[in-house]
Amino acid sequence: MNKKVILFFGVMLLVSGCAGLADYDVDLPGNYSIIRTSGHEITIAHKTDIGWGQP
């Protein structure tokens, strides 16, 4: 019984996907970057020493 439950949840995890696996950032000229933080949010922001500035 326990193996079936573990298998079920494992299959559900594979089918649903994992959030954050498709996030990325691409460097652009002039210290700017394209940043994808979710499936529906992509911004262009200035790159600083500690991260990114305002979009």
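Visitor: Which residue in β2 does L28 stand opposite?
Guide: This is a predicted model, and the pairing described here is read from it. β1 and β2 pair in the antiparallel sense, over five bridges. Within that pair, V26 has I34 as its bridge partner in β2. For L28, the residue standing opposite in β2 is Y32.

Visitor: How many residues lie between β1 and β2 in their hairpin, and which residue in the turn has a positive phi?
Guide: The two strands form a hairpin with three residues between them. In the turn, the phi of about 80° is positive, and it belongs to G30.

Visitor: Which residue has a positive phi although it is not a glycine, and is it buried or exposed, or partly exposed?
Guide: The residue is N31, with a phi of about 60°. N31 sits in the loop between β1 and β2. Its relative accessible area is 48%, and buried would require under 20% while exposed would require over 50%. N31 therefore counts as partly exposed.

Visitor: How many bridges join β2 to β3?
Guide: β2 covers residues 32–38 and β3 covers residues 41–46, and the two run antiparallel. A hairpin connects them through two residues. One of the pairings places R36 with I42 of β3 as its bridge partner. The number of bridges joining β2 to β3 is six.

Visitor: What is the order of the strands in the sheet?
Guide: The sheet is open and has three strands, with antiparallel pairing. Its edge strands are β1 (24–28) and β3, each of which pairs on one side only. From one strand to the next, the twist averages 20°. The order is β1-β2-β3.

Visitor: What holds the strands of a sheet together as pairs?
Guide: The pairing may be parallel or antiparallel. In either case it is made through backbone hydrogen bonds.

Visitor: What pattern does the protein follow along the sequence?
Guide: The protein has one helix and three strands. The helix, α1, spans 2–16, and the loop between α1 and β1 holds D23. Read along the sequence, the pattern is α-β-β-β.

Visitor: Which residues is D23 in contact with, leaving aside its neighbours within four places in sequence?
Guide: D23 and R36 are 13 residues apart along the chain, yet their C-alpha atoms are separated by 5.2 Å. D23 counts as partly exposed because its relative accessibility is 36%, between the cut-offs of 20% and 50%. With the sequence neighbours set aside, the contacts of D23 are R36, T37 and S38.

Visitor: Which element gives the most to the nonpolar patch?
Guide: The patch lies on the surface, covers about 520 Å² and is made by Y24, V26, L28, Y32, I42 and I44. The elements giving two or more residues to it are β1 and β3. I42, for example, has its place in β3. With three residues, the element that gives the most is β1.

Visitor: What share of the area exposed by the protein do carbon and sulfur atoms supply?
Guide: The protein exposes about 4,900 Å². Of its 55 residues, 7% count as buried, the cut-off being under 20% relative accessible area. The share of the exposed area supplied by carbon and sulfur atoms is 65%.

Visitor: What share of the contacts with a separation of 6 or more comes from residues 24 or more positions apart?
Guide: The count takes the contacts in the protein with a separation of 6 or more. Of these, residues 24 or more positions apart account for 2%.

Terms used. Residues numbered from 1 in each chain as written. Predicted model: local features only at pLDDT ≥ 70, side-chain atom pairs only at ≥ 80, totals over all residues. Heavy atoms only, no water. Pairing = 2+ DSSP bridges. Helix = DSSP H or I, 4+ residues; strand = E, 2+ residues; numbered from the N terminus. Axes fitted to C-alpha atoms, helices over the stretch in contact; angles between N-to-C directions. Patch = residues over 30% accessible without salt bridge, like charges linked within 9 Å, V, L, I, M, F, W, Y side chains within 5 Å. Areas by Shrake-Rupley, 256 points an atom, 1.4 Å probe, with all protein chains shown as cover. Salt bridge = Lys/Arg side-chain N within 4 Å of Asp/Glu carboxyl O. Buried < 20%, exposed > 50% of the residue type's maximum accessible area, 1.4 Å probe, protein only. Contact = heavy atoms within 4.5 Å.
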